[in-house]
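Please open the model in your viewer and keep the sequence panel visible. This tour proposes one selection after another and states what is found at each.

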Amino acid sequence: MSSQEDILEIRWHGRGGQGAKTAALLFAEAQMHSGKYVQAFPEYGPERGGAPVTAFNRVSDKPIRTHSQIENPDFVVVLDLSLLSSIDITEGLHHEDKILFNARKIPQASCYSLKNYQIFLVDASGISQKVLEKNLPNTPMLGALIKALDLDLEKNLEAFKEKMIAKFKDKGIVEKNIQAIREAYNSVVEI
Amino acid sequence: MIKKALTGNEVIAEAMRQIEPDVIAAYPITPATEIVQIFSQFVADGKVKTEFIPAESEHSAISCCVGSSAAGARTMTATSSQGLALMHEILHIAPGLRLPIIMPVVNRALSSPINIHCDHSDTMNARDTGWIQIYSENVQEAYDNLIQIVRISENKNILIPSMVMTDGFVISHGMENVEIAEDRKVKDFVGEYKPVQTILDTDNPFTLGSLALFDSYFEIKRAQEKAIINSKKIILEIAEEFKRKFGREYGYFEKYKLDDAKIALVAIGSISGTIKDAVDSLRGKGKKVGLLKLRVFRPFPAEEIKEALKNTKAIGILDRSLSFSGQGGPIFSEIRSAVFDLKEKLFVLDYIYGLGGRDTTQKEIEEIFNNIELETREDRTIDLIKYVGLKN
């Protein structure tokens, strides 16, 4: 549970190039379109492809004033399982908090236990390989997150689409991303 | 009015697009780079008619601004940290020549050691250069402050350049909800820039930047000081007009639950939001605490601050930079001096925090309030300067 009960706090873990920051920004924007107050911010360090990256979201029905870092997220999203051997992705989590993995089965962390958390699994890389023909797990992870948080898929898709059209200008790529989000939404499982 | 979710840098670039200055000269520096990067895209896409000058250094960028402003163009730049430090020589020249240049500054620590994250060392280092300095708590304030500042700087009785600050990364790269006004509304508010005089007006030639020795230098500098002092009145007038047209209220500072507060913090920038949450939490426990969030640091609204703090018993100043004087940070010096001649003794403590981007939590803010209460319970010698979250 985050420090303020009326704010949902999310932490994204990925590697430079996987789009964790982009996903956090896209997620915030979509929630803003649904009438929520939002924050999205990355944790900046040396910028290198493949280096561990974290990004954060706050979502609330009320204006968000705090500008401190997120220490106790309610939800953790892990884009890359190889991070588990070097980073404690459960840091600051409390029992029953939620973790969404880009994985087909429950991963094993070498130095810490995952058994006290509510785990969600989605094969985001597999979906991305199939639909986008590249390993870009961030957009499918958005679909899985929306399902895990019980948010309205169509409303969110509309917002993602608008943003992606502005970014990519290629309708084909936008459609494929939307398809990947849908597939992840439909295939995420709660363990 | 359009509701959006934007980062601080995006919103500043958006305000600059709406203001559409005649000239922007800039050199990129983290974390302000995006401002001119986004703006240069507007130029390339033909969305603005602004002449964009990519300079070879910040010293050159601000020098270009001096030239263009002297030629009568509405002129802007943007920078941060070492970039602002490299401009330092010319920073004094712009207000001396009474050139109303506008500069968003993204606050970042100064080297060395090298660091890209937020503190206020860069703009505090420039506090005595003669520029108006306005600090923003969040993305919305960054947008609103930039729109208002154009009118303040360009007022024909002022003609003083201005800096509008945002906290590096926390605000510059943090996305938040923000209300953007229609282009027309912003353009109508800032209006067309009509320079009082321009060096390109050959029918009315004049000398700019001449030598002034002991017979006139003093008077010229005093006139410059009067101009920035006079901007206090204009800052409130523009805030009033802004409130009428845009619906949001601004002043020299914001009083948050301050009127009946016994203990208050004084802060600038993004930490103010975290303090408001801490104030609410402590008020829930029956503590009479409040916040004075300083928006205008130059000119310094000393009398008004004194009046606003007169009913408090003790205040803590949050300084995000050092003066290396052993006498606390720059905000502490100003505030302590402002309240010095209050009839009732007011305890003033300094809390140095967040240097080089170190995070300060709501819990730490609550501990500061508790610490002030403890330290000032009895009239005893107290340690005036403290360091928040400093490791042993």
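The tour visits two sheets, the helices that pack on them, and a nonpolar core.

This is a predicted model, in which local features need pLDDT of at least 70 and side-chain atom pairs count only at pLDDT 80 or more, while totals for chains, interfaces and linings use all residues. Residues are numbered from 1 along each chain as its sequence is written, and chains are lettered from A and ligands numbered from 1 in the order in which they are written.

**First stop: the sheet of nine strands**

Select the strands β7(A)-β6(A)-β5(A)-β4(A)-β1(A)-β3(A)-β2(A)-β8(B)-β1(B), which in this order form an open sheet with mixed pairing. Helices (H or I, at least four residues) and strands (E, at least two) are DSSP runs, numbered from the N terminus; two strands pair if DSSP finds at least two bridges between them. Which strands lie at the edges? They are β7 (189-190) of chain A and β1 (2-7) of chain B, each pairing on one side only.

Next, select residues 75-78 and 98-102 of chain A: these are β4 and β5, which run parallel and are joined by four bridges. Within this pair, A:Phe75 stands opposite A:Lys98.

Now add helix α1 (residues 8-19) of chain B, which lies across β1 and β8 (175-180) of chain B and runs at about 125° to β1(B). Such angles run from 0 to 180 degrees between N-to-C directions, with axes being lines fitted to C-alpha atoms, for helices over the stretch in contact.

**Second stop: the sheet of six strands**

Move to chain B and select β9-β11-β10-β13-β14-β15, the order in which six strands form an open sheet, again of mixed pairing. β9 (253-256) and β15 (385-387) each have a single partner strand, so one side of each is left without a neighbour in the sheet.

Select β14 (residues 347-352) of chain B together with β15(B); three bridges pair them in the parallel sense. Here B:Tyr351 faces B:Lys386 as its opposite residue.

**Third stop: the core**

Finally, select A:Leu100, A:Ala144, B:Ala264 and B:Val266, the residues with the most contacts inside the largest nonpolar core, which has 164 residues. Such a core is a set of buried Ala, Val, Leu, Ile, Met, Phe, Trp, Tyr and Cys residues joined through C-beta atoms within 7 Å; a residue is buried if 20 or more other C-beta atoms, placed from the backbone, lie within 10 Å of its own. Helix α1 (residues 20-33) of chain A gives the largest share of this core, nine residues.

Technical notes:
Contact = placed C-beta atoms within 7 Å. Buried ≥ 20, exposed ≤ 12 C-beta atoms within 10 Å, placed from the backbone.
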